[in-house]
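Work through these exercises with the sequence and the 3D view side by side. Try each task before reading its solution.

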Amino acid sequence: MTVNFNDMKNMYDENICATYGRYPVAFVKGAGSRLWDSEGKEYVDFASGIGVNSVGHSHPKWVDAVCAQVGVLAHVSNLFYTEQGGLLAEKLTALSGTKKAFFCNSGAESVEGVIKTARKYSSDKYGANRHTIITLQGSFHGRTMAALTATGQDKFHKHFHPFVQGFRYVPPNDFAALEAEAKAGDVCAFMFEPIMGEGGVMPLDTDYLQKAAQLCEKNDWLLIADEVQTGVGRTGKWFGFQNHGIQPDAITFAKGIAGALPLGGFLLGDKLHTTLGAGDHGTTYGGNPICAAAALSVLEILEPVLPSVTEKGTYIREKILAMNLPCVKEIRGCGLMLGIKLDTITNTEAVSKLLAAGLVTLPAGIDILRFLPPLTISTEDIDAGLSIIKKTL
Ligand SMILES: *Cc1c(COP(=O)(O)O)cnc(C)c1O
């Protein structure tokens, strides 16, 4: 290290917007599910950079794929064809049961894109004034204006009026409330996260989602799964909706798809795949060959790993319950997307204590300690993380 921690922190404090409360750690190296900080201390990673490092840090196949692509062709824009974009779209549509893909660079952009697609579908077919998107209270869909409006949490809405029009919010897992939205006659889509991530690792019930899907079908509302956090194997299936026997009309993805490079996008099924035409939507970087090559390697690495994701999640859940920790009230989630409802300690306190003890975790919602470990995490690394939890909490 040439720059010590305090100098690094001062550079941030003086030059970077204060939008984050950062933990007092600077990471300098990662390998697998381990991280090292500027002081040489080693950590177990149960956070994956918020679900991004799905194949862990510096996976050799991922590094090879990215390096090989960087040296050959890095970017040409979406005005041209590239092999990697085509191959990735072919894979993702097959894995999700959809017809077409669109690539962008982040989760929020993918949400913006499906909102535009849903509204165009509805206005093409029904004309004006049928544009409302129903989302869930406690949901999180991103920070850009429309995605932020879609986010059903008041605390994110405080300072940024006026918002985009045409969004309403219903409580999660309350079918009657969703059904009642039909009265106004202005709805074009229902958007949900299969497990509400940032809002507190809150899973939606299969029964609720199946009824919601039927209601959408009946009213020709588009069913949109925001899979930015739950997608790409996180819950033990390629996409979270696949745990519930439903098929959305549109699916967003981002976080884990390219294993650290910025890639997002959305997938469109039967109803929507012809909705967007030339000039209707675009992005300069979206799906460039480096990000697409990274994503292709992620999908290849994850294929044999996917069946173990559910087992690993169950293992973590059972081990933590067996610890009988007084601060653990409940464990929820699916696969390697787990939330511990805490008592007697706040989630930010728990994250700070665990970090000091060498385990990287995340807070979510008001009182949830969240785990999003790399999907490739080994049993030894899981056990190392669990022993830190037992010692610290
Ligand atoms: C993280 C997240 C987003 C926003 O993704 P960004 O890449 O931060 O823009 C949107 N939806 C869900 C469900 C997310 O978890």
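**Exercise 1. Place serine 110 and decide whether it is buried or exposed.**

Step 1: Serine 110 sits in helix H5, residues 107-126. Helices here are DSSP runs of H or I with at least four residues, strands are E runs of at least two, and both are numbered from the N terminus.
Step 2: The relative accessible area of serine 110 is 0%, so this residue is buried. Buried means under 20% relative accessible area, exposed over 50%, and partly exposed in between, with a 1.4 Å probe and protein chains only.
Step 3: Leaving out residues up to four places away in sequence, serine 110 touches Cys104, Val228, Thr252, Phe253, Gly265 and Phe266. Contact means heavy atoms within 4.5 Å.

The model is predicted: local features need pLDDT of at least 70, side-chain atom pairs count only at pLDDT 80 or more, and totals for chains, interfaces and linings use all residues. Residues are numbered from 1 along each chain as its sequence is written, and side-chain values use heavy atoms, with hydrogens and water left out.

**Exercise 2. Describe the surroundings of leucine 263.**

Step 1: Leucine 263 lies in the loop between strand E11 (250-253) and strand E12 (264-268).
Step 2: Its relative accessibility is 3%, so leucine 263 counts as buried.
Step 3: Not counting residues up to four places away in sequence, its contacts include Leu88, Phe103, Cys104, Ile257, Cys291 and Ala295.
Step 4: The C-alpha atoms of leucine 263 and aspartate 174 are separated by 33 Å; along the chain these residues are 89 apart.

**Exercise 3. Work out how H4 and H9 pack.**

Step 1: Helix H4 covers residues 83-96, and helix H9 covers residues 289-302.
Step 2: Their axes are 8 Å apart, at an angle of about 40 degrees. Axes are lines fitted to C-alpha atoms, for helices over the stretch in contact, and angles run from 0 to 180 degrees between N-to-C directions.
Step 3: H4 and H9 are therefore oblique to each other. Angles under 35 degrees count as roughly parallel, over 145 as roughly antiparallel, 65 to 115 as roughly perpendicular, and the rest as oblique.
Step 4: Among the residues that meet are Leu88, Leu92 and Leu95 in H4, and Ala292, Ala295 and Leu299 in H9.

**Exercise 4. Do the same for H3 and H9.**

Step 1: The axes of helix H3 (residues 60-70) and H9 come within 9 Å and cross at roughly 155 degrees.
Step 2: H3 is therefore roughly antiparallel to H9.
Step 3: The contact includes Trp62, Ala65 and Val66 of H3, with Ile290, Ala294 and Val298 of H9.

**Exercise 5. Find the largest nonpolar core and the helix that gives the most to it.**

Step 1: A nonpolar core is a set of buried Ala, Val, Leu, Ile, Met, Phe, Trp, Tyr and Cys residues joined through side-chain atoms within 4.5 Å.
Step 2: The largest one has 77 residues, and Phe190, Ile320 and Ile389 have the most contacts inside it.
Step 3: Helix H9 gives the most to this core, with 10 residues.

**Exercise 6. How many disulfides does the structure hold?**

Step 1: A disulfide is a pair of cysteine sulfur atoms within 2.5 Å.
Step 2: The structure holds zero disulfides.
Step 3: For cysteine 67, the nearest cysteine sulfur is that of cysteine 291, 14 Å away.
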